[in-house]
Structures are given as structure tokens and as C-alpha cells.
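Colleague: I'd love a close look at one part of this model, the strand pairing, and then a walk on to whatever else you find worth showing. Please spell out your cut-offs as you go.

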Amino acid sequence: MTAEELKAEGQQTGNMEGTDITPKEDQGVLKIIKKEGTGTECPMIGDKVTVHYTGWLQDGSVFDSSRDKKDKFSFDLGKGQVIKAWDIAVATMKIGEICQITCKPEYAYGAAGSPPKIPPNAVLIFEIELFDFHGEDLTEEGDGGIIRRIRVKGEGYSKPNEGAVVEVKIQGSHNGRVFDERELQFEVGEGESFGIPPGVETAVQQMEKGEEAILYLKPNYGFGNTSYEKFQVPPGADLEYEIKLKSFEKAKESWEMNAEEKLEQGGLVKERGTQYFKAGRYRQAIIQYKKIISWLEHESGLQQEESDKAKALLLAASLNLAACYLKLGEHRGALEHCNKALEMDPNNEKGLFRRGEAYFGINEPELAKDDFSKVVQLYPGNKAARAHIAQCQVRIRQQQERERKIYANMFQRLAEKENKEEPAAVSQDKVVQSDVEMSEATTSSENPEQKEEAAESMATDA
């Protein structure tokens, strides 16, 4: 768009056109749709949006353009990553839409401007085309298992922590059927007892008071691969939740508790974790045992009696975490916590046994055999360890047999390749003739050759 075109469209100070889209209705951002988009949905707060844009000053001079850079621009909507006018305008757009917005300074770069291209108190004009938007991934792994879209932004910056008491309003659905609709109060970490899937608990800890959001959960973050009869949800179901965080009361953080409180609470959550473990609720048990480690792992300056109690709680928590991860088939997690337990007690029977199981689970039978053998050496009555040694020996023999076959096949292929190479022979007879005599020249031959050479786990109770 040229300066002349801008003038023709009336985009001059005091003669700005378009629909006011500001929440305050103060004419701060005026929008003109130049091409209608498709669909019914617009981006929500926190969505990753992808656009092309061009920006002009009021005199028609271009100060920035993604099209000139030949690269689309992406940002998280409503997170303050762009000027206010953009957060407001893009939230009103549909995919494929092209719009023009005119922004007053207070919705752009204000009194300071953005030197050298944008002067102070500049009214700016943008053309924006929306290509795509998608929700925010809340998983640590970034696997798309928990996608959040914020419908209404919350208040402040504080968020619930592990153990916080939260009051929420939820609506859960599957394939368009609402299966759960209620208001309830629960402690974060105890949601499973109330029919709250782990993905919802994870999301709640990233919400602000008053926030309203839509969650999309994959089965691993929902009710898993088993059916949830109470809600008539089938196995492996993708879930959708609408949730409002009405209020919450944060639990005490580690730094807010003294040593006595940490030890007291550590004993309580250990018992709670054990109850979860016995009930087969291993994820919930893990949450409890991890609290002990977060509270006590780096605690210093304890009296001897307190230090002994802390060490006992940390050892129990590490061993029980290993047992939980073994039950879940997550052997590397089990290995990590076995190693922590064995740092505190190198000859611990459960620590060595469970580490052996973890090694076996990641297909390291030699290392597993070493741990089981040490258990038998230190604790001769452990029959389970003897049985595991036999399993390790079978696995080791199987691995050796596979390796033998691999090498045998490799050498066989090399031999076949050699047999296909025929010796090359080059011979040349030279005969010299003249009018008076004939003599026979010598014969030579060469024969070059080239050769190539190369060379299941079982679980125990906590």
C-alpha cells in the first residue's frame, strides 16, 4: 500500500476509519476486514498464532514487513510478546482473514516510539493475514498430551502448587457427550480420588484465579487405556474439559517450613503414598513420595536425631519411587531412584534388587546379574534374587547367540562376495616380424585380487 492509497482510504490523523475493537471502546484500535476468513473459531489467549504482516506510518512509509523477509511471524497471543493492538486484533480474526488495523500510540509504541523507524506518539497501520493458530502444550515432554486454550484470562500471577486446595468448576466430555459436570474442591495431588484425570491437575497448576480454559487431553493424561465405568468413558479416550479455577489456597512451600514441619509432613505423605501404592494408584503415590525428596533432600543444619529421621524418610521415598516406576514399566525412572537410595545405603537389599529389575527392564542383563548376585551374597535367603540370576543368564545367552548369528551372517556375506570376484588376468604376446626373421616375444600376466574383512523384567511389592 502506497502513501497515496493510504490517503485515499482516509487513513490520516483525525480521519481514521474502521470498527472499534478495543475492550474500552476508546477508538484505540480500528479494524477493517479486507478478506473474510473461514470457520467459526478465533484464536484464544495463549494460542500460538502464525501471521504475515506489513506495517506503515501514517505517511505511507513501510517500517516493517514479514513478507519482505519471506518468513511468517509466530507469537503467543495475549502474553505481551507483541504490541497491545496486535493481541486485541488477532484475537478477533479467523484463519485466512486479512484485515487492516489502525492503532493509536497507547496501543502501539506509545510516547517513546521505537527508534529509529517509529517516532514518538506514532499512529500505526498494519495489514495482517492469519494463517494458523493452535493451543498451548502444557506437558513437560512437549508431546501434545495436554493442550490448553484460555477463554478468559485469570487475575494476578499466583498459581496453585502441589498440595494446594483448589475450587473448580469443570465439564468433561468425550466425542461431544458430557460425562462430568460439577463444582468441587480438592487438594492438588489428590484429584484421582475425585475422578479428576492427571492432565487436569497438571493444567490447574498453571492457571490463575478466575481463569477459564478448554483442555484437550490425550489418553495418557486422561483415564488411560482402561475404561472409566463411572463416567462410561471407553479405553484410550481423548477427552475435552472446560474448567474454571474459582479460587485456591496454596500449600506451604519448602522454604516456608522449618525442619520439624518438614519431618512431620514427610511422615504423613509417606503413609499416604503407601496407601496409594497398595491401591495400585502409582502415579498418585509418586506425587507423595516426591514431596519428601523436595522437602528434605537439601535440608542442612539438622540435629543428629533429625538427620537420622530425614535420611530414613529419603531412603524410603527413593525405594518406593523405584517400586512405583517398576510397576509402571518405567525402568529408567526406577534406575534413577535406586541409585539415589544406594548412595545413602550401598548394601540396601531392596535398592540392589530393584536396580537389578530396572537393569533387566532396559535390557542390561549383565548389570542386572551383578546386582542380584550381590543381593544373594549379602542376603542368602533371598530366593527371588536367585531366580532372577537364572533369568539374567538366559537373557545373556540369548544375546550372545544373537550376536554370534549376526557375525556369522556378516562373514558369510563377505565370503560370498569374495567368491564372486574372478581373478583378472591380462596377458600380451608381442610378435616381431621382419623380411628375414620371426622372433617370439615374452608373455606377461597380472592377477590382482582384493579382500575385505570385518568383524523381560519382574516386579516386587513395595
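Modeller: Happy to! Let's begin with a hairpin: strand β3 (residues 48-57) and strand β4 (residues 62-65) run antiparallel and are joined by three bridges. Strands here are DSSP runs of E with at least two residues, helices are runs of H or I with at least four, and both are numbered from the N terminus; two strands pair if DSSP finds at least two bridges between them. Please keep in mind that this is a predicted model, where local features need pLDDT of at least 70 and side-chain atom pairs count only at pLDDT 80 or more, while totals for chains, interfaces and linings use all residues. Residues are numbered from 1 along each chain as its sequence is written, and side-chain values use heavy atoms, with hydrogens and water left out.

Back in the hairpin, glycine 55 has aspartate 64 of β4 as its bridge partner. Four residues lie between the two strands, and glycine 60 takes a positive phi near 90 degrees.

Further along there is an open sheet of six strands, ordered β8-β9-β12-β13-β10-β11 with antiparallel pairing. Its edge strands, β8 (136-137) and β11 (177-187), each pair on one side only. For β8 the partner is β9 (residues 146-152), in the antiparallel sense and over two bridges; there, glutamate 136 stands opposite arginine 148 of β9.

The edge strand β11 also leads us to helix α6, since β11 is among the elements that cover the buried residues of α6, along with α4 (198-204), α5 (259-278), α7 (304-327) and α8 (331-344). Helix α6 has 15 residues and reaches 22 Å from first C-alpha to last, close to the expected 21 Å, which is 1.5 Å times one less than the number of residues. Eleven of those 15 residues are buried, so α6 is largely enclosed by the rest of the structure. Buried means under 20% relative accessible area, with over 50% called exposed and anything in between partly exposed (1.4 Å probe, protein chains only). Among the buried residues of α6 are Tyr282, Gln288, Lys291 and Trp295.

Let's finish on one residue of that helix. Alanine 285 sits in α6 (residues 282-296) and is buried, with a relative accessible area of 0%. Beyond its neighbours within four places in sequence, alanine 285 is in contact (heavy atoms within 4.5 Å) with Gly273, Tyr276, Phe277 and Cys324. From alanine 285 to arginine 272 there are 13 residues in sequence, and 7.4 Å in space, C-alpha to C-alpha.
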